[in-house]
Amino acid sequence: MVTIAGSGMGEYSFKNVDVNFLDYELIFCDKNYKTDLPNVVKGGFKEIKEQILQNLDKEILYIVSGSPTFYSGAILILSVLKKQNIAYKVVDNTSSLNYMLAHEGVSLVKTGIVTLHGKINLDLENFLVKDYTFIVCDENTPSLIKEATKFLNEDDFSTTLGEHFGYENERFSNPSLDEMLNNPPKMPFSLLLKKNYKSLANISSEDTIEHENGMITKTYKRHISLQNLNLQPNMLMWDVGAGSGSVSIDGYKRYKVKSIMFEKNEKRTNMIINSLKKHKIISAKLHIGEASELYKQDKTTPERIFIGGGGAKVINELDYLYNRLADGGLM
């Protein structure tokens with residue numbers, strides 16, 4: 001049988017693991033753990049996973065940091081054990097999530113959970129959607145959040161930083177993103193964001209989006225187009241000839257997609273920026289200039305493309321744009 005146990009927070013040790021170590025033939029753990037126990041095999045996750053799966057005829061203990069069921073590699077091993085109908089047991093322990101919420105007096109029901117540890121993209125389905133957002137962090141997290149929230153005001157969310165949970169020098173503080181960028185938190189750390197604004201309706205009326213006369217995709221056309229694009233959360237959509245930005249705005253609000261907008265008219269781009277701020281749009285970018293030049297410079301691969309304008313140059317390059325789509329993409 002395989003037993004997966006969490007070691008809790010703090011230093012890499014077995015002191016908080018509530019099991020009888022003598023019951024196990026093999027004990028697996030990360031290479032950073034300090035222990036004098038016999039029959040301990042240390043290594044990286046891929047190596048440990050392979051060795052566990054090769055020794056399923058033995059009594060195995062796999063020790064992971066924090067909680068085994070909270071953003072842990074153990075979840076991948078558990079899925080294999082379930083598929084192969086192999087007996088297992090989970091011995092849970094305190095996670096940074098539970099520790100942070102207990103300290104702040106916040107309900108899990110009101111909290112979205114996002115991991116940015118080793119990742120560069122936010123899960124928009126869970127980021128600043130509920131009252132609170134808990135973030136599993138790495139050293140790049142503050143800069144990623146800063147970029148994703150550039151159209152939010154400074155007071156649209158407040159931040160609690162928790163550093164070194166379980167260590168003697170653990171501490172809680174409330175820095176701004178700029179303060180964290182200037183004075184980076186010490187790993188390991190976690191963030192809890194409190195959302196301080198109410199989201200507007202998912203379908204935006206035309207009078208809530210700044211636009212020149214006629215330079216907006218009408219509400220019913222906008223949503224027929226968005227539906228026909230078969231959008232899924234976290235997809236990347238290019239909005240070519242963005243005009244008022246209404247398609248990208250409702251693409252995020254209704255479907256939680258990321259958008260890159262291309263618009264050359266300076267007056268319209270200022271209107272787009274104002275509307276992005278008003279509607280609290282996250283993970284959006286705006287390229288200002290000739291669309292047919294700018295999308296050739298952009299290195300991203302869109303999964304969806306909406307063409308609302310751009311003139312004859314864009315129309316003449318529909319084949320080019322179609323070929324820039326990811327496999328299975330729609331335009």
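This section describes the overall build of a predicted protein model, followed by selected local features.

The protein contains eleven helices and 14 strands. Its C-alpha atoms occupy a box of roughly 75 × 40 × 30 Å along the principal axes. Of its 331 residues, 48% are classed as buried. When contacts between residues at least 6 apart in sequence are considered, 64% of them join residues at least 24 apart. The exposed surface amounts to about 16,900 Å², and carbon and sulfur atoms contribute 47% of this area. The protein carries 39 positive and 41 negative charges, and the mean positions of the two sets lie 5 Å apart.

Twelve salt bridges were identified in the model. Among them are those of a network that links E212, E263, K267 and R268. Within this network, E212 is paired with K267, with the closest N and O atoms 3.9 Å apart. E212 belongs to the loop between strand 10 (189-195) and helix 6 (219-228), whereas K267 belongs to helix 8 (residues 266-278), so this pair ties together parts that are 55 residues apart in sequence. K267 has a relative accessibility of 49% and therefore counts as partly exposed, since the exposed class requires a value over 50%. E212 also forms a salt bridge with R268, and here the closest N and O atoms are 2.7 Å apart. Because R268 lies in helix 8 and E212 in the loop between strand 10 and helix 6, this second pair connects parts that are 56 residues apart in sequence. R268 has a relative accessible area of 18%, which places this residue in the buried class. A further salt bridge joins R268 to E263, with a distance of 3.3 Å between the closest N and O atoms. E263 is likewise buried, with a relative accessible area of 5%.

Helix 7 (residues 246-255) is mostly covered, as nine of its ten residues are buried. The buried residues are S246, V247, S248, I249, D250, G251, Y252, K253 and Y255. Their cover includes helix 6 and helix 8, together with strand 11 (236-240), strand 12 (258-263) and strand 14 (304-307). Helix 7 is followed by K256, which has a positive phi near 60°.

Backbone features were also examined in several loops. The peptide bond from M187 to P188 is cis, with omega near -5°. P188 is located in the loop between helix 5 (177-182) and strand 10. N39 is not a glycine, yet its phi is positive, at about 60°. This residue, N39, lies in the loop between strand 2 (26-30) and strand 3 (40-43), and its relative accessibility of 46% makes N39 partly exposed. N85, also not a glycine, has a positive phi of about 55°. N85 is placed in the loop between helix 2 (74-83) and strand 5 (88-91). With a relative accessibility of 71%, N85 counts as exposed.

On the surface, I315, L318, Y322 and M331 make up a nonpolar patch, and their combined accessible area is about 380 Å². Of these residues, Y322 is found in helix 11 (residues 318-324).

Notes. Residues numbered from 1 in each chain as written. Predicted model: local features only at pLDDT ≥ 70, side-chain atom pairs only at ≥ 80, totals over all residues. Heavy atoms only, no water. Helix = DSSP H or I, 4+ residues; strand = E, 2+ residues; numbered from the N terminus. Buried < 20%, exposed > 50% of the residue type's maximum accessible area, 1.4 Å probe, protein only. Contact = heavy atoms within 4.5 Å. Areas by Shrake-Rupley, 256 points an atom, 1.4 Å probe, with all protein chains shown as cover. Lys, Arg positive; Asp, Glu negative; His and termini not counted. Charge placed at Lys NZ, Arg CZ, Asp CG, Glu CD. Patch = residues over 30% accessible without salt bridge, like charges linked within 9 Å, V, L, I, M, F, W, Y side chains within 5 Å. Salt bridge = Lys/Arg side-chain N within 4 Å of Asp/Glu carboxyl O.
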